[in-house]
Amino acid sequence: MAETPTLFRKVLIANRGEIAVRIIRACRELGLRTVAVYSDVDRNAMHVRHATEAYHIGPPPPRESYLRIDKILDVAKRSGADAIHPGYGFLAERPDFAQACLDEGIAFIGPTPEAIAAMGDKVVARRTVQEAGVPVVPGTDVMLRDDELEAEASRIGYPLLIKAAAGGGGKGMRRVDRPEDFEGALHSARREAEAAFGDGSVYLEKLIEGGRHIEIQILADTHGNVIYLGERECSIQRRHQKLLEESPSPFVNEALRRRMGEVALQAARAVNYCNAGTIEFLVDRDRNFYFLEMNTRLQVEHPVTEFVTNLDIVKEQIRIARGRKLSRTQDEIEIKGAAIECRINAEDPYNNFLPSTGTITAMTLPTGPGVRVDTGVTAGDQITPYYDPLISKLICWGDTRGEALLRMRRALSEYKIMGLKTNIPFHQNLLDSARFIGGQYDTTFVEERFSMGGGREFRPEIAAIIATLVAHEERRKAAQIVRRDGRDGQVSKWKLAGRWEQMWR
Ligand code: MV4
């Protein structure tokens, strides 16, 4: 195997859209040249225009372009790229791609093929982290025959979940409430897993109901340093698609953050992890937390962590790949303020989130203090059905959760996209809902308790105080606000409790 260069000058970005642009920007700031790849429909895309050079790799379907390892490596060789950043999706979590890069003497800006493979098999991941002392949901740890699984099911107890070993992200999952339903569910889960992943292996876990999805961002370098960058609350999702993320989580206090952070480091060390990664946890109502899976890539929602830590995660990834040390130690990580990210998707929230395609005829992006927009499209661009519906991420920072929330409402109201339907109205409704403002939501909220237009009269000053107090719990005795009469005032928690009750009625 050729030796991986640690000094590199030119980075190929094996991706498209907002994340390709994000990575190109980090490279430019570091003085690195960039190579874009594009399919037919992306010929004039923003990521192509931002890169130093760009190469065509085929037709729009990902299988024929962005997933073609051979074509991408060929471009790397022709362009003289000495590193490849995979972004998220596409080839980001394919151990064979990471290995192929290394075999060609090209640095893969991400973890080792071994770590990707270990975490990609959910049963191996579960066993590996469990042996390292990480709490996992009670369940099965090895692949078993159908009759053995059924015996294990009664040991675990109902309700339970059947999960695909090759799955992740909720694909191939089945809930089983009663023993008599087990056999049927097992067969349909195996069939679905076989069709989706070419692997019908499944395992079982006890079902944790009403949990929150909270994940820990970690960074690990080649010198054995591993740090955590706080958590992201990702419970606002629909059909396993995240719609909004925030950091810190309004549910996580200092003690829980530290415990989850330490456990995340144990999980990372268990696979000798290197580069940026995320440990997903399910946190129940009593604040017990359980390992779900590890994502061995840069994630869509990384900007909320960047805002509250003031760290550039993509630059850290490049640093790590170059064999340098992390720019900070754990003691130098401080969570400052609060950040919220809204995923702006080309889909119609008034019509069951139906994908919306067509040309963006006009677009005005929000700007101003504490606002960041990561996008890969501009007015005149076409949104096609070939790729995911994410057209932009709107991220807002505030000194408090309340300020971040009000800033997000302001930014959403400035955002104008013509020619397509977007989920901006969904986010506006969500930010006006009492449960979101109060931080009282779990992974079932959007699908089971939320409805468009269900919000009450919005009182920004009350909402901001509640959002801030909930997030900061006892740390701030009262919130400093500007009252309707224009005077600054302290609002006691008692007074707020009263206002909060009013919002509920
Ligand atoms: C669970 C669970 C409850 N109990 N496992 C869904 C995606 C995959 N990463 C794991 N998932 C879940 N696993 C046990 N034992 C509930 C979910 C789940 C979920 C998790 C995170 C975010 C959103 C979710 C929505 C539905 C179910």
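In this predicted model, four strands, β6 (160-164), β8 (202-206), β12 (275-283) and β13 (289-295), each contribute at least two residues to the shell around the ligand. The shell also involves two domains: domain 2 (138-206) and domain 3 (212-423) each provide at least three of its residues.

Around the ligand there are 18 residues, of which Lys163, Glu205, Lys206, Ile208 and Glu293 come nearest. By character, the shell is made up of seven nonpolar, six polar and five charged residues.

Three of the nearest residues, Lys163, Lys206 and Ile208, also have polar atoms paired with nitrogen atoms of the ligand, as the table sets out.

| Residue | Protein atom | Ligand atom | Distance |
|---|---|---|---|
| Lys163 | polar side-chain atom | nitrogen | 2.9 Å |
| Lys206 | backbone N or O atom | nitrogen | 2.7 Å |
| Ile208 | polar backbone atom | nitrogen | 2.9 Å |

Lys163 thus takes part through its side chain, whereas Lys206 and Ile208 take part through their backbone. On its own, the ligand has 520 Å² of accessible area, and the protein covers 89% of this.

A further feature is helix α13, which spans residues 424-431. Six of its eight residues are buried, and the helix is therefore largely enclosed by the rest of the structure. Here, buried means that a residue has under 20% relative accessible area. The buried residues of α13 are Ile424, Phe426, His427, Asn429, Leu430 and Leu431.

Note on methods. Residues are numbered from 1 along each chain as its sequence is written. This is a predicted model: local features need pLDDT of at least 70, side-chain atom pairs count only at pLDDT 80 or more; totals for chains, interfaces and linings use all residues. Side-chain values use heavy atoms; hydrogens and water are left out. A residue is near a molecule or strand if one of its heavy atoms lies within 4 Å of it. A polar contact is a pair of N or O atoms within 3.5 Å; within protein, one must be able to donate a hydrogen and the other to accept it, and residues adjacent in sequence count only if both atoms are side-chain atoms. Accessible areas come from the Shrake-Rupley method with a 1.4 Å probe; for residues, only the protein chains shown count as cover. Ala, Val, Leu, Ile, Met, Phe, Trp, Tyr, Cys and Pro count as nonpolar, Asp, Glu, Lys and Arg as charged, and the others, Gly among them, as polar. Domain bounds come from an automatic or database domain assignment. Buried means under 20% relative accessible area, exposed over 50%, partly exposed in between (1.4 Å probe, protein chains only).
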